[in-house]
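Subject: A structure to look through

Dear colleague,

I am handing over a structure that I would like you to look through at your own pace. Please open it first, and then read the notes below beside it.

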Amino acid sequence: GSPNTTAASISALYWITWLTVGISSAVTGGLLTILGARLGASRAASAFAALAWGIGTPAFGYATIFVAHQWVAFLLVVSFGLLTIVDSKRPYAVWALAGLAAGFAAISEFPIAIAATLLGLYTARKHGLKAMLAFGGGSALPIALLGFYNARCFGSPFTLGYSKLATTEFQRVVSRGFFGIGFPTKTALYGILCSEFRG
């Protein structure tokens, strides 16, 4: 049918979600199992931790929705997993790939830049300054791609898409703080922990 039909749109969204978010979520569970074992946990404990992440957090729900949360989780686990590799014949390539994954995570969800920065600092602490520079070099590519995209779409590499939202509700949310990111409030804390809506 025509791509404009509702049935075709729903089908396309279903398959896109399954092929991107669904698969990356499943792979993340497997990676968490491997990572736990690499860090010293038993195979059973590692599998339990991955299962707890999958069904004991919002991960399972997010794995069925076409949003970036699970894709970002996958990229961060990949990045951290690469940084835990002890013996590698090409360590600089491994560190750069870890940075590449962290960089793509950061441009997918901007607040993740904090986590990506922490991974960079972890790289320096575990592997040294040269490793952190390789990590930074890897993360520079996605950031450059974002800058190119912003320049083509909005006229400047420093103009983010969040500043050009068409929906009034989203405009209102991102207008507070730094693109919607601010300090915690008592109202928000109560809402997320105790309210009937999200508590």
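The secondary structure of this protein comes to 9 helices and 0 strands, and, read from the N terminus on, the elements follow the order α-α-α-α-α-α-α-α-α. Please keep in mind throughout that this is a predicted model.

Some overall values may help you to find your way. The C-alpha atoms fill a box of roughly 50 × 50 × 45 Å, taken along the principal axes, and of the 199 residues in the protein, 27% count as buried. The protein exposes about 13300 Å², of which carbon and sulfur atoms supply 70%. If you consider the contacts with a separation of 6 or more, residues 24 or more positions apart account for 60% of them.

I then turned to one pair of helices. Two packed helices are described by the angle between their axes and the distance between the axes. For helix 4 (residues 69-83) and helix 5 (residues 91-108), the axes come within 8 Å and cross at roughly 160°. Because angles over 145 degrees count as roughly antiparallel, helix 4 is roughly antiparallel to helix 5. The crossing of helix 4 and helix 5 is left-handed. On the side of helix 4, the contact is made by Trp 71, Val 72, Leu 75, Leu 76, Val 78, Ser 79, Leu 82 and Leu 83, while helix 5 contributes Val 94, Trp 95, Leu 97, Ala 98, Ala 101, Ala 102, Phe 104, Ala 105 and Ser 108. When the residues of this contact are divided by kind, 15 are nonpolar, 2 are polar and none is charged.

Two single residues are also worth finding on your screen. Is Thr 123, which has its place in helix 6 (residues 113-127), buried or exposed? Thr 123 counts as buried, because its relative accessibility is 0%, and buried means under 20%. Leaving aside residues up to four places away in sequence, Thr 123 touches Leu 83, Gly 128, Ala 131, Met 132 and Phe 135; Leu 83 is also one of the helix 4 residues in the contact with helix 5.

The other residue is Phe 60, which is found in helix 3 (residues 59-62). Phe 60 has a relative accessible area of 57% and is therefore exposed, since exposed means over 50%. The C-alpha atoms of Phe 60 and Leu 76, which lie 16 residues apart along the chain, are separated by 17 Å.

With best wishes

Definitions and conventions: Residues are numbered from 1 along each chain as its sequence is written. This is a predicted model: local features need pLDDT of at least 70, side-chain atom pairs count only at pLDDT 80 or more; totals for chains, interfaces and linings use all residues. Side-chain values use heavy atoms; hydrogens and water are left out. Axes are lines fitted to C-alpha atoms, for helices over the stretch in contact, and angles run from 0 to 180 degrees between N-to-C directions. Helices (H or I, at least four residues) and strands (E, at least two) are DSSP runs, numbered from the N terminus. Angles under 35 degrees count as roughly parallel, over 145 as roughly antiparallel, 65 to 115 as roughly perpendicular and the rest as oblique. A crossing is left-handed if the near helix is turned anticlockwise from the far one by less than a right angle, and right-handed if clockwise. Contact means heavy atoms within 4.5 Å. Ala, Val, Leu, Ile, Met, Phe, Trp, Tyr, Cys and Pro count as nonpolar, Asp, Glu, Lys and Arg as charged, and the others, Gly among them, as polar. Buried means under 20% relative accessible area, exposed over 50%, partly exposed in between (1.4 Å probe, protein chains only). Accessible areas come from the Shrake-Rupley method with a 1.4 Å probe; for residues, only the protein chains shown count as cover.
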